[in-house]
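The following exercises guide a reader through a protein model, from its overall form to individual residues. Each task is followed by a worked solution.

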Amino acid sequence: KAKQLGRGQHCAFEPMLDAEIRRRAEIEREMREAVERDAFVPYYQPIVDLRSGAVVGYELLARWDRSDGAAIGPELFIPIAEECGLIDTLMLRLLRRACRETRDWEVPIAINVSPTQLKDPWFSQKLLGVLIREHFPARLLTIEITENALIVDAQSAQEAIESLRNQGVQLALDDFGTGYSSLQHLQMLPFDRLKIDRSFVTSMDRDPQALKLILAIIALATTLELPVVAEGIESRAIAETLARLGCAMGQGYLYGHPMSAADIEAMRSATAA
Ligand code: C2E
Ligand code: MG
Ligand code: MG
Ligand code: MG
């Protein structure tokens, strides 16, 4: 198709593509430095029991602490980290830091694992190595994976997850309902939790289709005896509806934004007092 375009038109696209490529290369170079300097920091978002409101755990979400103040979020930097082979180092460093920062809280922590990491035959050993060195109980760690991880390489994903689960690590299926959802995925692995993608949750009060999908997901999870976590809860009304529909847990700005360990600790001691 490009050949059909006139010479002038074709050239007009090039500067933009070049700029895009240069921008990515620049971010990649900055990321390598940032990983070394530990400029990627774990933030934690509370996960609550929807009935009691009690915090039942935290999800670790990576943040890039940049000296220039520019906000570059995980939606942008995680895919780059995956492509340039940085994701493993990045994630294991975040985990090590999280083990140290949250150990005294004695609450479950969930961490996101990229599909590419599950292809690595040494992944489970590396992860368990961090837990052992940091004396962090495996039963307090949940790994969150998306269905894409099962499509990339189901065999190695299954092996990695099996050895992690043997040590007590829990497993959550993230962003359920987006991606290449297949009921088969729910059978392939022994999930402990199912997370409903926030795109359905944020729109469920005005979009009947989104609400129907949520009803269907909760019904399915109930049949399979899988506890459901809804992400992206921003209003009291949505939280109440979800609880009424049988959704056990939730997270979202209503309960708390992702925060640094120091901020979480301040909050925890304020509520304990
Ligand atoms: P996710 O794992 O599905 O995480 C939930 C996302 O929803 C987070 O975005 C969180 O900040 C956001 N969120 C939570 N509650 C609300 C709400 O009430 N309203 C709205 N609008 N958003 C809410 P975040 O932190 O930007 O992360 C985006 C995605 O990047 C994550 O989606 C996850 O897939 C990925 N990610 C983040 N940290 C890591 C990491 O350390 N490793 C890997 N592999 N992926 C990560
Ligand atoms: Mg997640
Ligand atoms: Mg999610
Ligand atoms: Mg998501």
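The structure is a predicted model. The protein exposes about 14,700 Å², of which carbon and sulfur atoms supply 52%.

**Exercise 1. Describe the overall form of the protein.**

Solution. Begin with the secondary structure: the protein contains twelve helices and eight strands. Next, consider the radius of gyration, which is 20 Å; the globule rule gives 19 Å for 273 residues, and because the two values are close, the protein is as compact as a globular protein of that length. Along the principal axes, the C-alpha atoms fill a box of roughly 65 × 45 × 40 Å.

Then turn to the interior. Of the 273 residues, 45% count as buried. Among contacts between residues at least 6 apart in sequence, 68% join residues at least 24 apart.

Finally, consider the charges. The protein has 30 positive and 39 negative charges, and their mean positions are 2 Å apart.

**Exercise 2. Identify the donors of the magnesium ion (ligand 2) and locate them along the chain.**

Solution. First list the donors: Glu-59 (OE), Asn-112 (OD1), Glu-144 (OE) and Asp-174 (OD) coordinate this ion at 2.0 to 2.2 Å. Their spacing along the chain is E-x52-N-x31-E-x29-D. Within this set, Glu-59 in strand β2 (residues 55–64) and Asn-112 in strand β3 (residues 109–112) form a pair that links distant parts of the chain, 53 residues apart.

The next step is to compare the accessibility of that pair. Residues under 20% relative accessible area count as buried. Glu-59, with a relative accessible area of 4%, is therefore buried. Asn-112 has a relative accessible area of 29% and is partly exposed.

**Exercise 3. Identify the donors of the magnesium ion (ligand 3) and state which residue coordinates both ions.**

Solution. The coordinating atoms come from Asp-174 (OD), Asp-175 (OD) and Glu-231, the last of which is listed with OE twice, at 2.1 to 2.6 Å. In sequence, these donor residues follow the spacing D-D-x55-E. Here, too, a pair links distant parts of the chain: Asp-174 belongs to strand β5 (residues 170–176) and Glu-231 to strand β7 (residues 228–231), 57 residues apart. Asp-174 and Glu-231 are both buried.

The shared residue is Asp-174, which bridges the magnesium ion (ligand 2) and the magnesium ion (ligand 3); the two ions lie 3.8 Å apart.

**Exercise 4. Examine two residues that have a positive phi without being glycine.**

Solution. Take Asp-175 first, since it has already appeared as a donor of the magnesium ion (ligand 3). Asp-175 lies in strand β5, and its phi is positive, at about 55°. Its relative accessibility of 23% makes it partly exposed.

The second case is Asp-38, whose phi is near 60°. Asp-38 is placed in the loop between α1 (7–36) and β1 (40–49). With 31% relative accessibility, Asp-38 counts as partly exposed.

**Exercise 5. Determine the surroundings of Thr-102, Thr-142 and Met-188, leaving aside neighbours within four places in sequence.**

Solution. Start with Thr-102, which is found in helix α3 (residues 87–102). Its relative accessible area is 1%, so Thr-102 is buried. Beyond its sequence neighbours within four places, Thr-102 is in contact with Tyr-44, Ile-109 and Phe-136.

Proceed to Thr-142 in strand β4 (residues 141–145). Thr-142 counts as buried, at 3% relative accessibility. The contacts of Thr-142 outside the excluded neighbours include Ile-109, Ala-110 and Ile-111, as well as Gln-170, Leu-171, Ala-172 and Arg-193. Thr-142 and Pro-121 are 21 residues apart along the chain, and their C-alpha atoms are separated by 19 Å.

Conclude with Met-188, which lies in helix α8 (residues 183–188). Met-188 has a relative accessible area of 22% and is partly exposed. Apart from neighbours within four places in sequence, Met-188 is in contact with Leu-150, Ala-154 and Gln-158. Between Met-188 and Asp-49, the separation is 139 residues in sequence and 27 Å in space, C-alpha to C-alpha.

Conventions
Residues are numbered from 1 along each chain as its sequence is written. Chains are lettered from A and ligands numbered from 1 in the order in which they are written. This is a predicted model: local features need pLDDT of at least 70, side-chain atom pairs count only at pLDDT 80 or more; totals for chains, interfaces and linings use all residues. Side-chain values use heavy atoms; hydrogens and water are left out. Helices (H or I, at least four residues) and strands (E, at least two) are DSSP runs, numbered from the N terminus. The radius of gyration is taken over C-alpha atoms; the globule rule is 2.2 Å times the number of residues to the power 0.38. Buried means under 20% relative accessible area, exposed over 50%, partly exposed in between (1.4 Å probe, protein chains only). Contact means heavy atoms within 4.5 Å. Accessible areas come from the Shrake-Rupley method with a 1.4 Å probe; for residues, only the protein chains shown count as cover. Lys and Arg count as positive and Asp and Glu as negative; His and the chain ends are not counted. The place of a charge is taken as NZ of Lys, CZ of Arg, CG of Asp or CD of Glu. Donors are N, O and S atoms within 2.8 Å of the metal (3.2 Å for Na, K and Ca); water is not among the atoms, so sites may look incomplete.
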